[in-house]
Amino acid sequence: EWTGPTVEVDIDIETTIGLTAVQVGHQLKLIVSNSSLLVRERKRFGRAMGKVVSLLRDQTSSHEDVADRLNELKDTAVQVGLEVIEAVARVDHFVSNDLMAELDEIAMINVHPQYVETILGCFNFGFEYMKEVSRLVSSEDRVDFCEALVVFAAKWMDFVVGKCEKGRDR
């Protein structure tokens, strides 16, 4: 619990100029009275401070243990998202290369639509999961996360162009 002095700051041009000369050590915490105000106040503070202050965490708890667990949860969610991307690629590779190679032409004609629907469902799940995880990703991890998402989207585009019927699925 914070026991130090509390200072309320109205952010205006004079305050911004004055704060550019302040050295804060390693961190500065923006604390709000209600968690519902945090996003708005963080954006407002970020706009007012510009490049003077860089936000390391989008949100944290005043209780370090809760904050640590929240960061672990975010990291795990991102890791699961990356594993979903890899799993979809493995399933597509297995079915398209190994399983389809064993089928005769008639069986392949019957199985192919189910294969396409299944893989499209996997991609849809992956995109939905990644959309939800993107809300948790802090600004420091966003670049790596977005790069992985672009790779996933490229795999989806390759799949649609290479495996889906023209006009029906694409």
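**Exercise 1. Describe the salt bridge of arginine 40 and the network around this residue.**

Solution. Arginine 40 pairs with glutamate 41, and the closest N and O atoms of this salt bridge are 3.1 Å apart. The model is a predicted one, and the 3.1 Å distance is a value computed from it. A salt bridge requires a side-chain nitrogen of Lys or Arg within 4 Å of a carboxyl oxygen of Asp or Glu, so the contact between arginine 40 and glutamate 41, at 3.1 Å, qualifies.

Next, take glutamate 41 and look for a further partner. Glutamate 41 also forms a salt bridge with arginine 44, with 3.2 Å between the closest N and O atoms. Put together, Arg40, Glu41 and Arg44 are linked in a network of salt bridges.

Then place the second pair in the fold. Both glutamate 41 and arginine 44 belong to helix α2, which spans residues 38-49. They are three residues apart, about one turn of the helix.

Last, check the accessibility of the two arginines. Arginine 40 has a relative accessible area of 51% and is therefore exposed. Arginine 44 has 41%, so this residue is partly exposed.

**Exercise 2. Find how many salt bridges the structure holds, and characterise the one formed by glutamate 128.**

Solution. The structure holds four salt bridges. In one of them, glutamate 128 is paired with lysine 131, and the closest N and O atoms lie 3.5 Å apart.

For the location, both glutamate 128 and lysine 131 sit in helix α4, three residues apart, about one turn of the helix.

For the exposure, a residue is buried under 20% relative accessible area and exposed over 50%, with partly exposed in between. Glutamate 128 has 44% and so is partly exposed. Lysine 131, at 41%, is therefore partly exposed.

**Exercise 3. State the secondary structure content of the chain and the share of buried residues.**

Solution. The chain has five helices and zero strands. Read from the N terminus, the order of elements is α-α-α-α-α. Of the 170 residues in the chain, buried ones make up 22%.

**Exercise 4. For isoleucine 13, isoleucine 17 and aspartate 92, give the helix, the exposure class and a C-alpha distance to a residue distant in sequence.**

Solution. Start with isoleucine 13, a residue of helix α1. Its relative accessibility is 62%, so isoleucine 13 counts as exposed. Between the C-alpha atoms of isoleucine 13 and methionine 49 there are 9.3 Å, with 36 residues separating the two along the chain.

Isoleucine 17 is also in helix α1, residues 13-20. The relative accessible area of isoleucine 17 is 54%, which means that this residue is exposed. From isoleucine 17 to valine 52, 35 residues apart along the chain, the C-alpha separation is 9.6 Å.

Aspartate 92 belongs to helix α3, residues 64-99. At 15% relative accessibility, aspartate 92 counts as buried. The C-alpha atoms of aspartate 92 and isoleucine 119 are 6.5 Å apart, and the two residues are 27 apart in sequence.

**Exercise 5. Identify the residues of the negative surface patch, and locate glutamate 140.**

Solution. The patch is made up of Asp75, Glu140, Asp141, Asp144 and Glu147. Glutamate 140 falls in the loop that runs between α4 (105-134) and α5 (142-163).

**Exercise 6. Count the disulfides, and classify cysteine 146 and cysteine 164 by exposure.**

Solution. A disulfide needs a pair of cysteine sulfur atoms within 2.5 Å. Under this rule, the count is zero disulfides.

For the exposure, compare each cysteine with the class limits. Cysteine 146 has 38% relative accessibility and so counts as partly exposed. Cysteine 164 has 7%, and therefore counts as buried.

Terms used. Residues are numbered from 1 along each chain as its sequence is written. This is a predicted model: local features need pLDDT of at least 70, side-chain atom pairs count only at pLDDT 80 or more; totals for chains, interfaces and linings use all residues. Side-chain values use heavy atoms; hydrogens and water are left out. Patches are made of residues with over 30% relative accessible area and no salt bridge: like charges are joined within 9 Å, nonpolar side chains (Val, Leu, Ile, Met, Phe, Trp, Tyr) within 5 Å. Accessible areas come from the Shrake-Rupley method with a 1.4 Å probe; for residues, only the protein chains shown count as cover. Lys and Arg count as positive and Asp and Glu as negative; His and the chain ends are not counted. The place of a charge is taken as NZ of Lys, CZ of Arg, CG of Asp or CD of Glu. Helices (H or I, at least four residues) and strands (E, at least two) are DSSP runs, numbered from the N terminus. Buried means under 20% relative accessible area, exposed over 50%, partly exposed in between (1.4 Å probe, protein chains only).
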